[in-house]
Amino acid sequence: MAKLVLGWSVVLLAIVFGARKLWHYESPRSAKPEVSETPAAPVVSEQDVVFLEETGPLCTQTFASFMAARTPEERNQFVLDPITTAARMARFYSLNPLVNIDPATISPANSAVLHLPGRRAIETSWRSADGHLLDAVFMEDSGEWRLDWDHFVRFSDYPWPLFLAGSEQDHGEFRLLARERLASERQNADAISIVLYAPRFGFPGETGYQSPEFLIQRDTRNGRLLDAAFKLERSGGRVFGVNLPRIDPEGHIRVRVKVRRIEQDLERRFELEEVLACHWYSVDDPGVEIPDQPAGK
């Protein structure tokens, strides 16, 4: 037992010390001007620099401990709102494989302060030796920095491939990727055409199972929200203005949606009931400002 504890301690220390560069920023005031033809990096406020340096190591320790745990019960102590999350974790892992990645093979890639409504969070990305790219968000909870587990695993009520195939429940909430079809050709059409994809955990540049086409009226709340989110994506921006590179496939946006499957007359169709948010964070804000509905609509 002593050897086991010592072994994990060495792994965690290696990750924590290896992640120092993730949280180190040169203060804008002390940085020396340089002449360069490359685009300037996003400006990071001094407050954000200090915040990252103070909270970053705590997030690293949480993430290392979470990845080192080998059961959902062990991992639960490191996640946001562990009491309410426990039941979702149990159901999720009963339907999805528990992905185990050796924490000693993980190295930091990027980090930034995430300014959510009413609170600050830390968003990070990590690379593993076997090719995984993981993005993890941390929020303060009861004085500790915990992992936003729903965002990390792309939590959905039910596996998207099984839902599309007609298995068990006929409606649910899903974290998916959305792509606009024929965006240029349909820019003046009354409806926006989208397709939803399952994200691939650890490989954000790829997509999984694809839904049939959804036609969403542009003058509805869902349509206006999707329109705004796709415009933001095309401009190179990100929800809540976070200064991190995009890692999703080009032309795709992250969405949290409610979808219903309808079986009728031996036919199967799907209805997009509601777009809850254009991100996967565990906050209720949709992430983009919804344009006002045109007069007379």
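This is a short walk through one protein chain, from its overall make-up to a few helices, strands and single residues.

Please keep in mind throughout that what you see is a predicted model. The protein chain contains 8 helices and 10 strands, and of its 297 residues, 45% count as buried. If we take the contacts between residues at least 6 apart in sequence, 61% of them join residues at least 24 apart. The accessible surface comes to about 15900 Å², and carbon and sulfur atoms account for 51% of that area.

Let me turn to the helices, starting with α8, which runs over residues 221-234. With 14 residues at 1.5 Å a residue, α8 should span 20 Å, and its end C-alpha atoms are indeed 20 Å apart, which agrees. How many residues of α8 are buried? The count is 10 of the 14, so this helix is largely enclosed by the rest of the structure. The buried residues include charged and polar names as well as others, and you can find among them Asn222, Arg224, Asp227 and Glu233, together with Leu225, Leu226 and Phe230. The cover over these buried positions includes the strands β5, β6, β8, β9 and β10. Just after the helix, Gly236 takes a positive phi of about 90 degrees.

Helix α5, residues 82-95, also has 14 residues, and from its first C-alpha to its last it reaches 20 Å, close to the 20 Å expected. Its buried residues are Pro82, Thr85, Met89, Phe92 and Tyr93, and these pack against α3, α4, β3, β4 and α6.

That brings us to α3 itself, which covers residues 46-68, has 23 residues and reaches 33 Å from end to end, close to the 33 Å expected at 1.5 Å a residue. Within α3 there is a kink of about 40 degrees at Thr55, shortly before the proline Pro57.

Next, the strands that help to cover α8. Strand β9, residues 252-264, pairs with β5, residues 171-180, in the antiparallel sense over 9 bridges, and in that pairing Leu177 stands opposite Arg254. Strand β9 also pairs with β10, residues 267-277, again in the antiparallel sense and over 9 bridges, with Arg256 standing opposite Ala277. The hairpin of β9 and β10 has 2 residues between the strands, and Asp265 there takes a positive phi near 55 degrees.

For those who think about cysteines at the bench, how many disulfides does a search of the whole structure find? The search finds 0. As for individual cysteines, Cys59 has 0% relative accessibility and therefore counts as buried, and Cys278, at 5%, counts as buried too, because the cut-off for buried is under 20%.

My last stop is Phe201, in the loop between β6, residues 191-199, and β7, residues 207-210. Is Phe201 buried, partly exposed or exposed? At 25% relative accessibility it counts as partly exposed, since buried would require under 20% and exposed over 50%. Leaving aside residues up to four places away in sequence, Phe201 touches Val99, His132, Leu134, Phe152, Val153 and Arg154. One of these, Val153, is 48 residues away along the chain, yet the C-alpha atoms of Phe201 and Val153 are separated by 6.9 Å.

Conventions
Residues are numbered from 1 along each chain as its sequence is written. This is a predicted model: local features need pLDDT of at least 70, side-chain atom pairs count only at pLDDT 80 or more; totals for chains, interfaces and linings use all residues. Side-chain values use heavy atoms; hydrogens and water are left out. Helices (H or I, at least four residues) and strands (E, at least two) are DSSP runs, numbered from the N terminus. Buried means under 20% relative accessible area, exposed over 50%, partly exposed in between (1.4 Å probe, protein chains only). Contact means heavy atoms within 4.5 Å. A disulfide is a pair of cysteine sulfur atoms within 2.5 Å. Two strands pair if DSSP finds at least two bridges between them. The expected span of a helix is 1.5 Å times one less than its number of residues. The bend at a residue is the angle between axes fitted to the seven residues ending there and the seven starting there. Accessible areas come from the Shrake-Rupley method with a 1.4 Å probe; for residues, only the protein chains shown count as cover.
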